[in-house]
Amino acid sequence: MERVGLLAIGDGPKRILALGAHADDIEIGCGGTILRLIAEHRRLEVLWVVFSATPERAAEARASAAAFLDGVPKATVVVRDYRDGFLPYSGAAVKDEFEALKREFSPDLVFTHYRHDRHQDHRLVSDLAWNTWRDHLILEYEIPKYDGDFGSPNLFGSLTVSTLDRKVALLMKHFPSQAGRAWFTEDLFRAVARIRGMESAAPEGFAEGFYARKARF
């Protein structure tokens, strides 16, 4: 398996755009990789955008993002209040949001949802990411849920045990509104990372999986 570095070329600031339909999507899908990139690159700029959140969930999203982005020299967190489950029906307004982001921020790396995710909000964010940033590296992350829509990732971000522990601890701390959900558990998050770590022969046995549909070097 070929090993490649993300954001490894050049000495200038590296710009990351992280997109999530809901308050905890980014943390679940690529939170460990973001923690790893922060540790490996000291001059990051991160724009973190959540599109759907109630006031309670918005507060959780901001607190969690601040914890995950601790140590980033320049970080901006944007939380919108579109209705959960109805993003496609607010399509024109959400498209305008993407166009505004495009004018304001040119990323080196974009994290977004898996294109074949069965949640309609997730798919819209993924589709608009590809529609908006056509000359950028886009990595699609995955979210475990009832739909059984996991695929076979073709790019993996290895995680150390300590990085995975931090990701899981931050998730459990910052999203108390999700504590009663059967899927929002420590063992599930660790199980997904263990499976992806096994598939990629990760050095410490854990990884996050991504879908890299297009890449240029």
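**Close-ups of a predicted model**

**View 1. Helix α5, outside and inside.** On the side of α5 that faces away from its buried residues sit S162 and K173, both exposed. Everything shown here and below comes from a predicted model. Helix α5 covers residues 161–174, 14 in number. From first C-alpha to last, α5 reaches 20 Å, close to the 20 Å expected at 1.5 Å a residue. On the buried side you'll find T163, L164, K167, V168, L170, L171 and H174. Look down the axis of α5 and those buried residues fall within an arc of 160°, so they line one face of the helix. Some background on that kind of pattern: with 3.6 residues a turn in an α-helix, residues three or four places apart point the same way. The cover over the buried residues of α5 includes helices α1, α2 (55–68) and α6 (186–199), along with strands β6 and β7 (206–210).

**View 2. The largest nonpolar core.** This core has 44 residues. Which residues have the most contacts inside it? They are I34, L37, L44, W48, F111 and L139. Helix α1 (residues 25–40) is the top contributor, giving seven residues. Apart from this core lies another one, of 21 residues, with A21, F51, L87 and A129 among them. As a rule, nonpolar side chains in soluble globular proteins tend to be buried together.

**View 3. Around L139.** Here's the neighbourhood of L139, leaving aside residues within four places in sequence. Its contacts include L6 and L155, plus the run L109, V110, F111 and T112. F210, Y211 and A212 are in contact with L139 too.

**View 4. V72 in its loop.** V72 is found in the loop between α2 and β3. Is this loop residue buried or exposed? V72 is buried, because its relative accessible area is 12% and the cut-off for buried is under 20%. Not counting residues up to four places away in sequence, V72 touches I38, L44 and V46. Take V46: V72 and V46 are 26 residues apart in sequence, yet their C-alpha atoms are 7.5 Å apart in space.

**View 5. R15 and E45, strand to strand.** The structure holds 14 salt bridges, and R15 with E45 forms one, the closest N and O atoms being 2.8 Å apart. The pair links distant parts of the chain: R15 is in strand β1 (residues 14–20) and E45 in strand β2 (residues 44–50), 30 residues apart. R15 is partly exposed at 24% relative accessible area, while E45 is buried at 16%.

**View 6. R80 and E97, loop to helix.** These two side chains meet in a salt bridge at 3.1 Å, N to O. R80 lies in the loop between β3 (74–79) and α3 (91–104) and E97 in helix α3, so the pair ties together parts 17 residues apart in sequence. R80 counts as partly exposed at 36% relative accessibility, whereas E97 is buried at 17%.

**View 7. K145 and D117, loop to loop.** In this salt bridge the closest N and O atoms are 2.7 Å apart. K145 lies in the loop between β5 (137–141) and β6 (155–159) and D117 in the loop between β4 (109–113) and α4 (120–132), so the pair ties together parts 28 residues apart in sequence. K145 is partly exposed, at 22% relative accessibility; D117 is buried, at 1% relative accessible area. One more set to look up: D24, R57 and E60 are joined into one network by salt bridges that share partners.

Note on methods: Residues numbered from 1 in each chain as written. Predicted model: local features only at pLDDT ≥ 70, side-chain atom pairs only at ≥ 80, totals over all residues. Heavy atoms only, no water. Core = buried A, V, L, I, M, F, W, Y, C linked by side-chain atoms within 4.5 Å. Buried < 20%, exposed > 50% of the residue type's maximum accessible area, 1.4 Å probe, protein only. Helix = DSSP H or I, 4+ residues; strand = E, 2+ residues; numbered from the N terminus. Contact = heavy atoms within 4.5 Å. Salt bridge = Lys/Arg side-chain N within 4 Å of Asp/Glu carboxyl O. Expected span 1.5 Å × (residues − 1). Arc of directions from axis to C-beta.
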